[in-house]
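Student: I have a model open and would like to learn how to read its helices. Could you walk me through it?

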Amino acid sequence: MGYVYSGLWFIMAVVLFAKFRKESKMVYVLGAYFAFLGVWWLADQLTSADMLHGTFGWILRGVSLAAVVISGVIYYFEKLRKTGQPASDDTSESAELGTQEG
């Protein structure tokens, strides 16, 4: 079953790099992360080492956390660049509208 997951991660990486590379810089981070996951799951199947538990599992979790944090930072700055305002200002706009009416 691990080969299916490995193939899925590789397919996702190829689709991201081939189809969506012009969308955002975040696509490169996620594509590299999916390629890493494909290699990781394939190594889990081909070697006797348990790559999903113990020390290797914590390494996988650390890389996953780094991918999420880097993607979030890229998303935030791209949203900031597009709108010219921080992404969290959506709620302050509705609050301003409420004070103008009253």
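Tutor: Happily; we will go from the overall fold to one helix and then to its neighbours. Keep in mind that this is a predicted model.

Student: How many helices and strands are there in the protein?

Tutor: The protein has 4 helices and 0 strands, and its elements follow the order α-α-α-α from the N terminus. Of its 102 residues, 23% count as buried. Among contacts between residues at least 6 apart in sequence, 49% join residues at least 24 apart.

Student: Let me pick helix α2. What should its 21 residues span?

Tutor: A helix rises by 1.5 Å a residue, so the 21 residues of α2, residues 26–46, should span 30 Å. The end C-alpha atoms of α2 are 30 Å apart, which agrees with that expectation.

Student: Which residues of α2 are buried?

Tutor: Start with the general idea. An α-helix has 3.6 residues a turn, so residues three or four places apart point the same way. Now the case here: the buried residues of α2 are Val27, Gly31, Tyr33, Phe34, Leu37, Gly38, Trp40, Trp41 and Asp44.

Student: What do the buried residues of α2 pack against?

Tutor: They pack against α1 (2–19) and α3 (54–83).

Student: Take α1 then. How do the axes of α1 and α2 cross?

Tutor: The two axes come within 8 Å and cross at roughly 160°. An angle over 145 degrees counts as roughly antiparallel, so α1 is roughly antiparallel to α2. The crossing in which α1 passes α2 is left-handed. By class, the residues of this contact of α1 with α2 are 19 nonpolar, 5 polar and no charged.

Student: And at what angle do α2 and α3 pack?

Tutor: They pack at about 165°, with axes 9 Å apart. α2 and α3 are therefore roughly antiparallel to each other, and their crossing is left-handed.

Student: Which residues make the contact of α2 with α3?

Tutor: From α2 come Met26, Val29, Leu30, Tyr33, Phe36, Leu37, Trp40 and Trp41. The α3 side includes Phe56, Ile59, Leu60, Val63, Ala67, Ile70 and Ile74, along with Ser64, Ser71, Tyr75 and Glu78. By class, the contact of α2 with α3 has 16 nonpolar, 2 polar and 1 charged residues.

Student: Where does that leave helix α2?

Tutor: Its buried residues pack against α1 and α3. α1 is roughly antiparallel to α2, and α2 and α3 are roughly antiparallel to each other.

How values were computed: Residues numbered from 1 in each chain as written. Predicted model: local features only at pLDDT ≥ 70, side-chain atom pairs only at ≥ 80, totals over all residues. Heavy atoms only, no water. Helix = DSSP H or I, 4+ residues; strand = E, 2+ residues; numbered from the N terminus. Expected span 1.5 Å × (residues − 1). Buried < 20%, exposed > 50% of the residue type's maximum accessible area, 1.4 Å probe, protein only. Contact = heavy atoms within 4.5 Å. Axes fitted to C-alpha atoms, helices over the stretch in contact; angles between N-to-C directions. Parallel < 35°, antiparallel > 145°, perpendicular 65-115°, else oblique. Left-handed = near helix turned anticlockwise from the far one by under 90°. Nonpolar A, V, L, I, M, F, W, Y, C, P; charged D, E, K, R; others polar.
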